[in-house]
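Here is a set of questions and answers on one chain. Please look at the sequence and the structure first.

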Amino acid sequence: MSVLEVTSELYAEAEFCSTDTGNGNAISKFTFVYPNRRETDANGTPTGQPNGMDKRTNGLPETGKEKTPSIKDPDEESFIEEQSYESDYDDDSVCEEEEIESENECCQTSDQSVASPVPPIKLDKDGDLDVERQRKGAIEIEHRKSTRLDLVGLQIWRGALLLADYIMHNERKFKNAHILELGSGVGLTSIVASMYAREVICTDIDIGGLLDLIRGNVQRNAHLSNPHCRVHVTELDFKASYQDYPRELKDKLQHVQYVVAADVIYDDDITEAFVRTIVSLLLELPKLKAIYIALEKRYVFTLEDMDSVAPCYDYFLRYFQKRNSRFGVNRWKLINVCMNFPRYFDYDKVKDLVLLKICHASSK
Ligand SMILES: C[S@@+](CC[C@H](N)C(=O)[O-])C[C@H]1O[C@@H](n2cnc3c(N)ncnc32)[C@H](O)[C@@H]1O
């Protein structure tokens, strides 16, 4: 029987300066530019522009109404799900108020021409033009370049970079926070989180030496973390129930404010276990403010639908909604986060990438 090998699309679109380690892995450099916080004058008026690599049109805000995900079984239950889903997924909330408020850059067009005045020309003390240079960094990650489907965590996927961009862009939100990452893969997003957070719990299943690989990557990039941050690497299997988590993990989870996960929606069995996990976390973690999920919709054309559909994404939405409306009312809301924050990493921010936020229905 042939074993299907899969390769992350990410590797085809940028040079990551990889060297082979000889054990089937590669060490690649994921370069990024540090967010250049906009300077303001005494009145709070911006005097410069935020940086980032995002000059591509896919950083522009979506203007059209988001296509309602197709529900493949039009039975009564799914119909109700579709309706309630639509109300939470209203395009008006595509740009979260919270994001707009906390980070003014969020809803500008990518050429920054709407809200930013032309930055004043600055001269240095010799009268030469003072060019503001972008501060660059690099994360070195040991990973595989292709794997069997059950070992995809050994590779890096676009969602990890999207989530990393979001964290970098919302530095203030994540500063000194306690963050849990689910399905971390080789740990890139957790390493970025550790640049700002107080505590990062980086989790995945312990398969193919994955947790040791994460530990090595955390160590390799320790110089990037903020010195106050503690990073823990531990197993958290979506298929385990919350009650069976080790005591030590449960104790740490009590402090968690943000849960993040990238690209964990690709197999319906795993999706169901993932949804059960986040529902438990929403119910059990007293300080949890939001869960951020980055994913790629991955459209396919099916003869059955005679249309392009994103089956894994649709399944996730349906299954989550089923759990959400279990007691007749939606306990949580699912928001499509505005995607036009800058790209700090080098990758193709394809249109199918989305960032979802789940939080308590009552939260602002
Ligand atoms: C496509 S990879 C994404 C990895 C990483 N987040 C990224 O974006 O590069 C999917 C991740 O989900 C993890 N995963 C699969 N089944 C899981 C389970 N039952 N519990 C926890 N994580 C799981 C995999 O090990 C893998 O790390």
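Q: What percentage of the 364 residues of the chain count as buried?
A: The model is predicted. A residue counts as buried when 20 or more other C-beta atoms lie within 10 Å of its own. By that cut-off, the buried part of the 364 residues is 38%.

Q: How many helices and strands does the chain have?
A: Helices and strands are both present in the chain. The count is 9 helices and 14 strands.

Q: What share of the contacts with a separation of 6 or more comes from residues 24 or more positions apart?
A: Take the contacts in the chain with a separation of 6 or more. Residues 24 or more positions apart account for a share of 72%.

Q: Which helix gives the most to the largest nonpolar core?
A: The largest nonpolar core has 80 residues, and L163, I179, L188, V259 and Y292 touch the most other members. One helix gives 8 residues to this core, the most of any element. That helix covers residues 158-169 and is α3.

Q: How many of the residues of α3 are buried?
A: α3 is mostly covered. Its buried residues include R158, D165 and H169, along with L161, L162 and L163. They pack against α4, α5, β9, β10 and β14. The buried count in α3 is 12 of 12.

Q: How far does α3 reach from its first C-alpha to its last?
A: α3 has 12 residues. At 1.5 Å a residue, 16 Å is expected. The reach in the model is close to that, at 17 Å.

Q: Why does the span of α9 agree with its 14 residues?
A: Helix α9 runs over residues 311-324. Among its buried residues are Y313, F316, F320 and N324. At 1.5 Å a residue, its 14 residues should span 20 Å. The span agrees because the end C-alpha atoms are apart by 20 Å.

Q: Which residues is I179 in contact with, leaving aside its neighbours within four places in sequence?
A: I179 is one of the core residues that touch the most other members. Nonpolar side chains tend to be buried together in soluble globular proteins. Leaving aside neighbours within four places, the contacts of I179 are F174, A193, A197, V200, V256, Y258 and V260.

Q: Which of the residues around the ligand come nearest?
A: The shell around the ligand has 20 residues. They divide into 11 nonpolar, 5 polar and 4 charged. The elements that give two or more residues to this shell are α3 and α8. The residues that come nearest to the ligand are G153, A160, G183, G185 and A262.

Q: Which strands stand at the edges of the open sheet, each with a single partner strand?
A: The open sheet has 3 strands in the order β2-β3-β4, and the pairing is antiparallel. Each edge strand has a single partner, so one side of it is left without a neighbour in the sheet. The edge strands are β2 and β4.

Q: How many bridges join β3 to β4?
A: Strand β2 is joined to β3 by 2 bridges, and T19 is partnered with I27 there. On the β4 side, T31 has A138 as its bridge partner. The number of bridges between β3 and β4 is 8.

Q: Which residue in the turn of the β2 and β3 hairpin has a positive phi?
A: The hairpin has 5 residues between β2 and β3. One residue in the turn has a phi of about 95 degrees. This residue is G22.

Q: Is N176 buried, partly exposed or exposed?
A: N176 lies in the loop between α4 and β6. Phi of N176 is near 60 degrees, a positive value in a residue other than glycine. With 13 C-beta neighbours inside 10 Å, N176 counts as partly exposed.

Q: Is D263 buried or exposed?
A: D263 sits in the loop between β9 and α8. Its phi is also positive, near 55 degrees. Because 26 other C-beta atoms lie within 10 Å, D263 is buried.

Q: What distance separates the C-alpha atoms of S241 and S280?
A: S241 is found in the loop between β8 and α7. It is exposed, with 11 other C-beta atoms within 10 Å. S241 and S280 are 39 residues apart along the chain, and their C-alpha atoms are separated by 8.2 Å.

Note on methods: Residues numbered from 1 in each chain as written. Predicted model: local features only at pLDDT ≥ 70, side-chain atom pairs only at ≥ 80, totals over all residues. Core = buried A, V, L, I, M, F, W, Y, C linked by C-beta atoms within 7 Å. Helix = DSSP H or I, 4+ residues; strand = E, 2+ residues; numbered from the N terminus. Contact = placed C-beta atoms within 7 Å. Near = placed C-beta within 6 Å. Nonpolar A, V, L, I, M, F, W, Y, C, P; charged D, E, K, R; others polar. Pairing = 2+ DSSP bridges. Expected span 1.5 Å × (residues − 1).
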